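Good morning, and thank you for coming. I should like to walk through one structure with you, moving from the interior to the surface and then to the charged side chains.

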Amino acid sequence: MSSSQPLDLRLPTPGCYADPERAGINADAVFDGMTEHLFFTLGKLATSASLHDLYMALSYAVRDRLMTRYLASQEAIRARPQKTVAYLSAEFLIGPQLNSNLLNLGIQKEAEAALKRFGIESLADILEVEEEPGLGNGGLGRLAACYMDSLATLQVPAIGYGIRYEFGIFNQIIRDGWQVEVTDKWLKGGWPWELPQPDEACLVGFGGNTESYLDENGKYRSRWIPSEQAIGIPHDVPVLGYRVNTCDRLRLWRADATESFDFYAFNIGDYYGAVEEKVGSETLSKVLYPNDGTDEGRRLRLKQQHFFVSCSLQDMIRSLDKRSIPIEEFPNHWTVQLNDTHPAIAVAELMRLLIDEKRLEWEKAWEITNKSVAYTNHTLLPEALEKWDLSLFSDLLPRHLELIYEINQRFLQQIRLKFPGNDLILRKLSIIDEEGGKAIRMAHLATIGAHHVNGVAALHSDLIKRQLLPEFALLWPDKFTNVTNGVTPRRWMALANPELSTLLDHEVGSDWITNLNLLNKLEAKVNDSEFLHKFGTTKLLAKRKLAGYIHRQTGILVDPSSMFDVQVKRIHQYKRQHLNALQVISQYLRIKNGTTNSMAPRTVIFGGKAAPGYYMAKLIIRLINGIAEMVNADPDMDGSLRVVFLPDYNVKLGEQVYPASDLSEQISTAGKEASGTGNMKFAMNGALTIGTLDGANIEIREKVGHENFFLFGKTESEIMELQNNNYDPKSYIEALPELSEAIRLIELGHFSNGDTELFRPLINNLKTNDPYFVMADFADYMKAQESVSKAWANRLEWNRMSLLNTARSGFFSSDRSIKEYCKSIWKVDPLPVEITCDVPSN
């Protein structure tokens, strides 16, 4: 383990890392940089520049100021080699980059001053122009982005490896209440933050066959002869830490063809055939998560996963070769973290590269692989634990299948010795699923190949050991651990909530941004009515901002003084947006019937995307919009209830939603949500949580105080008991007239323009099956909502509870999570970079 003393890069000038004229961080230097890029990079005069031109010019000027730190950080690892984190993830939902880089450089005010000289009064006008990178979808990708931010801020050398998707998952529009998917052309205006590196391309194979041969030493070996190949071209995205010189990077792979154009095919009139290989190869990096409802969709997903994993591992090995470091030292220089099962093929691919390309013996290759790879599990849902049909896998990756068979055979031999004669446990632990059509269990491959397996919240990690992988946990108890998720306070507080951040700077000092536990000092203010008023004012300002956005985007007028009751997340039955929808209907009926029981005036806000092939989730969106249409048109609801569905929810919109939220709906079925990270963002920004004992809700409740959390619902063990005892949702409906009336109103077509059939699949699912126990939790949920209304009536007390949520949220910083990974799993030290090159330093 290397020392964490700063590395002093004393470099000659000129010809060091930057032209000093391009590294200045005052307003004049930023203005000069923008002017230069407008003219020389974009070919525009300031007098004719559009907002997008100015956004691009400012982004290029800021990128210039990153380059010193970006190149110095790479030189640091070359000059003093130590272990680097390789974070493999199918998603990196990084969000807009300009404001984040301005914050981390400490030049937001300077940028605003420079813009004023171009006639732009507010930085926000330029930030609004920026497209959100379509590199992720939900919590998995956002977590990866938070972790990259924390790695850089903590000065830990790291590379985030993924795919440079040409199109994001989709843009969501709402038409007649339905989700409609529109192509996310996020690259159409250019993306100034990436640095293509075509000279570091990698070749990746697919299909074909394997053949056996004897090497020059007479040893039996296997050779893979792919039938098709693609080139992976890396695009690097600098990831700067907060007010430090460490600048890590994302390395995102774009697919290209080995031959882009077939002249012979073109000359004989086969115009499509002339570019067929190019089109086929480039499809690998076209779209995030192609629909796997078809054979071709599943095939493309597996190819995508192998493509980016193979490129990434080849890149790591090449970095050792360039530095003349023996391949046997791979675990001393790289720790490979698998962010869920998408990159699990890394176990087999690393073995292939070590055995077939580097000619290592099996035992040594396996030792290196096992010492290098760690696996984070993110789900308990069986359908989300990837399994690949054996015939598909064999067709696409025949050599990898041979290696997996060998890994499995050796592993099962260990199991036979430990559990002699126990065929049941062999079937349970085998990488090959023999039930029905044979399949490769990628979670098993990752678990066997990794030195650590971690869950992402205390309950989730416990359930992995008790329910998901109990036999593995029995076999290797020390392999399993927990690292509760966290989120970066730089984006989710400092950027998203500037009014609150200013107040926090004044009260606890600005160091809270990198040490969130300092917010504990706010507890001294819980009885200070003047401070509570200031704290409440920051919330009201954020609500006014969001109310303006809602009106511009949807035409709905909402009252910022009402309670903003918010549920924004991916639409899925286990997240139970339909439970919230039923609650809204019941509140609507109470108002109509004059039985509100002092219900707090509410604006109920939903947001999130449903997977294109997930009909039930899309039907839930349609129900929410049907409810919104009826509620918002009813004069009886004025001043009492509004319902909003925010289309196309993303990071950029989240930066407005989290600061403006009063109540955070975290209502998933207990035992189904691995952790959640939205719950943490809400709490940091002072929202109170109504939630179940699921995922990180448990830890949030413990940290903020039981009295500052609205708990409801069955526990995970109670859910299991219901499941094992012929759960009957109808009995709950019959026992609750209010629930029965709400369901009946849906059935009568009240929220579907009289169409009594539209929501029948959803209602039938709830009445006959109810796989996520919505009916079982409804009554307790309504009681908790009544407690919410009572608490809201005393606004001073509400503000006190809100303040304590913020003050006690320090544990949920991604900085804490990354420190735990570094210490317990990766065994990695920081490598501070000190630049002494006549370049302004942070």
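**Cysteines, cores and charged pairs**

Let us begin with C247, which has a relative accessibility of 3% and therefore counts as buried, since buried means under 20%. Please keep in mind throughout that this is a predicted model.

A second cysteine, C202, has a relative accessibility of 5%, so C202 is buried as well. How many disulfides does the structure contain? The count comes to zero. For C202, the nearest cysteine sulfur belongs to C311 and is 4.9 Å away. A disulfide requires two cysteine sulfur atoms within 2.5 Å, so C202 is in no disulfide.

From C311 we may step along the sequence to S312. This serine has its place in helix α9, which spans residues 295-322. Is S312 buried or exposed? Its relative accessibility is 0%, so S312 counts as buried. If we set aside the neighbours within four places in sequence, S312 is in contact with Y161 and W253.

Next, I turn to a whole helix. Helix α11 covers residues 346-357, and 11 of its 12 residues are buried, so this helix is largely enclosed by the rest of the structure. The buried residues include alanines such as A346 and A348. Charged residues are also found among them, namely E349, R352 and D356. After α11 comes R359, whose phi is positive, near 60 degrees.

We now come to the nonpolar cores. The largest of these has 151 residues. Which residues have the most contacts inside this core? They are L58, L88, F330, F393 and W826. Helix α2, residues 51-79, contributes the largest share of this core, with 11 residues. Apart from this core lies another, of 65 residues, and among its members are Y614, L623, A742 and M782.

Let us look at F393 individually. Leaving aside neighbours within four places in sequence, F393 is in contact with L302, I345, W388, P398, H400, L401, I404, I440 and M442.

Nonpolar side chains also appear on the surface. There, F39, F40 and L45 form a nonpolar patch, and together they have about 380 Å² of accessible area. Of these, L45 is found in the loop between α1 (27-41) and α2.

Another loop residue, N708, offers a contrasting case. N708 is found in the loop between α26 (697-704) and β24 (709-711). With a relative accessibility of 0%, N708 nevertheless counts as buried. Not counting residues up to four places away in sequence, N708 touches L688, R800, M801, L804, N805 and R808. Let us consider one of these partners, N805. N708 and N805 are 97 residues apart along the chain, while their C-alpha atoms are separated by 7.2 Å.

The last topic is charge. Side chains of opposite charge can pair when their charged atoms come close. How many salt bridges does a search of the whole structure find? The search finds 57. I have chosen three of them as examples.

The first example joins the side chains of E131 and K188, with an N to O distance of 2.9 Å. This pair links distant parts of the chain, its two residues being 57 residues apart. E131 lies in the loop between α5 (123-127) and α6 (139-153). K188 lies in the loop between β5 (178-182) and β6 (195-196). The relative accessibility of E131 is 36%, so E131 counts as partly exposed. For K188 the value is 62%, so K188 counts as exposed.

The second example is the salt bridge between D528 and K525, at 3.8 Å from N to O. D528 has a relative accessible area of 28% and is therefore partly exposed. K525 is also partly exposed, with a relative accessible area of 25%.

The third example brings together E797 and R800, whose side chains meet at 2.8 Å, N to O. Both residues lie in helix α32, residues 795-807. They are three residues apart, about one turn of the helix. At 29% relative accessibility, E797 counts as partly exposed. R800, as you may recall, is also one of the residues that N708 touches.

Finally, salt bridges may share partners. Which residues are joined into one network in this way? They are E200, D236, R249, R251, D315 and R318.

Thank you for your attention.

Key
Residues are numbered from 1 along each chain as its sequence is written. This is a predicted model: local features need pLDDT of at least 70, side-chain atom pairs count only at pLDDT 80 or more; totals for chains, interfaces and linings use all residues. Side-chain values use heavy atoms; hydrogens and water are left out. Buried means under 20% relative accessible area, exposed over 50%, partly exposed in between (1.4 Å probe, protein chains only). Helices (H or I, at least four residues) and strands (E, at least two) are DSSP runs, numbered from the N terminus. Contact means heavy atoms within 4.5 Å. A nonpolar core is a set of buried Ala, Val, Leu, Ile, Met, Phe, Trp, Tyr and Cys residues joined through side-chain atoms within 4.5 Å. Patches are made of residues with over 30% relative accessible area and no salt bridge: like charges are joined within 9 Å, nonpolar side chains (Val, Leu, Ile, Met, Phe, Trp, Tyr) within 5 Å. Accessible areas come from the Shrake-Rupley method with a 1.4 Å probe; for residues, only the protein chains shown count as cover. A salt bridge is a side-chain nitrogen of Lys or Arg within 4 Å of a carboxyl oxygen of Asp or Glu.
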